[in-house]
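Reader: I would like a close look at a single part of this model, taken slowly and with its surroundings in view. Please choose one element and follow it through.

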Amino acid sequence: MNFTLPYPPSANRYVRHTANGSYRTAEANRYRRQAQLVAIAAGMLKCHLSPIEVHGILHPKMTKTGRASETRIDLDNCLKVALDALQGVAYDDDRQIRRITLEVGHPLAGGGLSLEVFSL
């Protein structure tokens, strides 16, 4: 299954830790819902229950001149946010992920994260 998610928020803005516990921010909840809707629209109608592989391409935001922005989220942070958002839609539990590949690709207007999720 292939789909392109919106550009992920920074992991630093995804979770807040307080004396009462940890929680996802409003920005994180919006991203999570967007990511789930994109996956469902792409045909992800039921969770993988077997081991899976995930391949991702982070598309930096495009500048006004058509080049990739020099400022971009770290690869490891973008993947954590996206995989968390897809849990319960693309797969039941992220423990099912057996292989991950991730690279930086060409820029897109607004940026994005293209993912391919498949059973092993």
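Author: In this predicted model, helix 1, which spans residues 26-41, gives the most to the lining of the largest pocket, contributing 3 residues. That pocket holds about 280 Å³ of space, and its lining is made up of 15 residues, with Tyr7, Pro8, Pro9, Arg13 and Lys61 lying nearest its centre. Sorted by class, the lining comprises 6 nonpolar, 4 polar and 5 charged residues.

Turning to the helix itself, helix 1 has 16 residues and reaches 23 Å from its first C-alpha to its last, which is close to the 22 Å expected at 1.5 Å a residue. Its buried residues are Ala28, Tyr31, Arg32, Ala35, Gln36 and Ala39, and these lie on the same side of helix 1 because they cover an arc of only 135 degrees around the axis. On the other side of helix 1, by contrast, Arg30 and Ala41 are exposed, where exposed stands for over 50% relative accessible area and buried for under 20%.

As for what lies over the buried side, the cover of the buried residues of helix 1 includes strand 1 (2-5), strand 3 (21-24) and helix 2 (75-86). Finally, the chain just after helix 1 deserves a glance, since glycine 43 takes a positive phi of about 110 degrees there.

Taken together, helix 1 has a buried set of residues on one side, exposed residues including Arg30 on the other, and a share in the lining of the largest pocket.

Key: Residues numbered from 1 in each chain as written. Predicted model: local features only at pLDDT ≥ 70, side-chain atom pairs only at ≥ 80, totals over all residues. Heavy atoms only, no water. 1 Å grid on protein atoms, 1.4 Å probe; cavity = no way out; pocket = protein on both sides within 12 Å on 5 of 7 lines; lining within 4 Å. Points joined across faces, edges and corners; volume = space filled by probe spheres on them. Helix = DSSP H or I, 4+ residues; strand = E, 2+ residues; numbered from the N terminus. Nonpolar A, V, L, I, M, F, W, Y, C, P; charged D, E, K, R; others polar. Expected span 1.5 Å × (residues − 1). Buried < 20%, exposed > 50% of the residue type's maximum accessible area, 1.4 Å probe, protein only. Arc of directions from axis to C-beta. Contact = heavy atoms within 4.5 Å.
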